[in-house]
Structures are given as C-alpha cells and as structure tokens.
Amino acid sequence: MEFIEVSAKTVDEAITKACIELGASSDKLEIQVISEGSSGFLGFGSKPAVIRAGKKPEEEVIEKEEVQPEKEEKEEPAVQPQEEKKEKREEKKEAPKPVKKTPVQENEPVVRTEEEIAAMKKSAQEFLSGVFQAMELPVQITIVYNKESGSLDIDFAGEDMGILIGKRGQTLDSLQYLTSLVVNKEQKEYVRVKLDTENYRKRRKETLENLARNIAYKVKKTRKPVSLEPMNPYERRIIHSALQSNKFVETYSEGNEPYRHVVVTPKRYQSQQ
C-alpha cells in the first residue's frame, strides 16, 4: 500500500486533503496520525497536523479490475422461449402512439439591473468580510455575477483555505447557505449563491464521479447493493447523475438529513429476491 504524507492546520483538514488527493472517501483510506499539531499561544509556536494516508487494498482491487475489459455484459440467455417472443411482439403492436407534448421551457435566468447586482455583491462582501475578520483569517474575495446562470459566484483565495472547506466541504456548504440567506434577504427573485476555493467544487465532483464508477463496478461483480456515506443533496445528485445511464446498476436515496445517503443496487435486484 502506497502512502502519502499530508499536513494541515488540524487532523480533519489533513484527512480532507488526503481524500481529495487520493480520490476516495475517508472510510476507504488507511490513516495514520503522525502529529495532531498545536495552535500555540496567540498564533505563535503553532505546529501543523501531519498524517500518512493510503488507499485500502479493497479499493485498489476495485480500481484495477475496472481497467479490465468487461466480459459479463451478455447476462441474458441467447435463446428466448417462443411464448416470450410472441408476448413482446404483441406488446409492440399494442403500444399506443406517442402523444405530442408541448416542450417544457427551462427557467430562464432573471434579468437584473446593474444596481441590483451591485447590491447583491455588496451584501455578500460585507457579510463574508465580517466573518473572516472575526476568524482573523486573511482571505481575498472575488465576486462575479453570472448572467447566463443567474448565479452569484464567489471565490476565496489565501494561504490555507482548508479551514474554509472543512470535512468533506461541510464548512464551505454552511458558509454558502448563510451567504445565500443574507443575499436573498433583499431580493424579490431568488438568486443562487455558489462559494468555492482552490477549485474544490470541481475536484470534489471528479472524486465523487470516480467513486461512483468504482462502486458500480463492485455492485455489478458481487450483485449486492452498497450504501454510500451520508452526503448533502448536491453531492447525492452527482452520484445519481454519474450512474443514471449505467446498464447494470441503479441508485436511490434513503434516510433522513443529515444522514441521508445513496444506495447503489443491481438493476432488477428486487425481482431476484
């Protein structure tokens, strides 16, 4: 098992960085804490937390197997009974003609004036500046209004942004929720607020998509469902989207927030019980 050494302000932040670098969730990693770190006194004499992390053998096997060509795609019998073929022909004949439906128009972004955009940016800037000032954390804030999507995109830059990401992005998500409440307080039409730093959202999306493919391959091989760790609605949608066209597995969510999670199960699993 190959290990990488990761350092951050806290052990949780170091684990988050390791998950991003290795492209796996924390429960799929072997983690060794070398140093828990210390905050020092008034910021002086602080020491970073240091861990060693590596993927567990089971995860490595799944990734290696995924590269191999799939030989089990043809699981259905080549010859079907004559009765089944007749039933399928009858179903095709009796199938009703598709009814033309009026195309559903997607919600177009709300057109906002320059004054409204400036007011949104000001509200977000003042709120976030106050938060970072209270945290004594120097952060460069960049705010851009995306007219195509109608969203307020906010990006942070600084020396150590791991503290703003938090474990699996929980701190960033919470900060995004609070900023959205502040910005939308004075708005007639809802505006979506998106927070990001160090391109975390894109890297997390790629990590989850890779995880989804690995789990799907495992479920296909074992024919047993797998429950993933609890995720927020945005991350659950990434898993569902990544596997929606998969021929061998399907997904659904179960449980209550904040423990709601995705289950990956073989297709037609219920009928095979």
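**Serine 151, a three-strand sheet and two cores**

Me: Is serine 151 buried or exposed in this one?
Reply: Buried: this is a predicted model, and in it serine 151 has a relative accessibility of 2%, so it falls under the 20% cut-off.

Me: Which strand is serine 151 in?
Reply: Strand β5, which covers residues 151-157.

Me: What does the serine 151 side chain make polar contacts with?
Reply: There's a polar contact of 2.8 Å to the side chain of serine 149, and another of 3.0 Å to the side chain of aspartate 153.

Me: And which residues does serine 151 touch, not counting those up to four places away in sequence?
Reply: Val144, Tyr145 and Asn146, plus Val191, Arg192 and Lys194.

Me: Staying with β5 for a sec, what does isoleucine 154 contact, leaving aside its neighbours within four places?
Reply: Quite a list. Among them are Ala124 and Leu128, then Ile141, Thr142 and Ile143, and also Val193, Lys194 and Leu195. Isoleucine 154 is also one of the residues with the most contacts inside the largest nonpolar core.

Me: How many residues are in that largest core, and which others have the most contacts?
Reply: It has 25 residues, and Phe132, Val139, Ile141, Leu152 and Phe156 are on that list too. At least two residues each come from α4 (114-134), β4 (140-146), β5, α5 (162-165), α6 (170-184) and β6 (192-197).

Me: Which of those gives the most?
Reply: α4, with six residues.

Me: What's in the second core?
Reply: That one is separate and has 16 residues, including Leu228, Ile239, Leu243 and Val264.

Me: New topic. What's the strand order in the open sheet of three strands?
Reply: β7-β9-β8, with antiparallel pairing. β7 (226-227) and β8 (249-254) each have a single partner strand, so each has one side without a neighbour in the sheet.

Me: How many bridges join β8 to β9?
Reply: Six, with the two strands running antiparallel and β9 covering residues 261-266. As an example, threonine 251 has valine 264 in β9 as its bridge partner. Valine 264 is also a member of the second core.

Me: Which helix lies across β7, β8 and β9?
Reply: α7, residues 200-222, which runs at about 40° to β9. Helix α8 (residues 233-243) packs on the sheet too: it touches β8 and β9, and its direction makes about 160° with that of β8.

How values were computed:
Residues numbered from 1 in each chain as written. Predicted model: local features only at pLDDT ≥ 70, side-chain atom pairs only at ≥ 80, totals over all residues. Heavy atoms only, no water. Helix = DSSP H or I, 4+ residues; strand = E, 2+ residues; numbered from the N terminus. Buried < 20%, exposed > 50% of the residue type's maximum accessible area, 1.4 Å probe, protein only. Polar contact = N/O pair within 3.5 Å; in protein donor to acceptor, adjacent residues only side chain to side chain. Contact = heavy atoms within 4.5 Å. Pairing = 2+ DSSP bridges. Axes fitted to C-alpha atoms, helices over the stretch in contact; angles between N-to-C directions. Core = buried A, V, L, I, M, F, W, Y, C linked by side-chain atoms within 4.5 Å.
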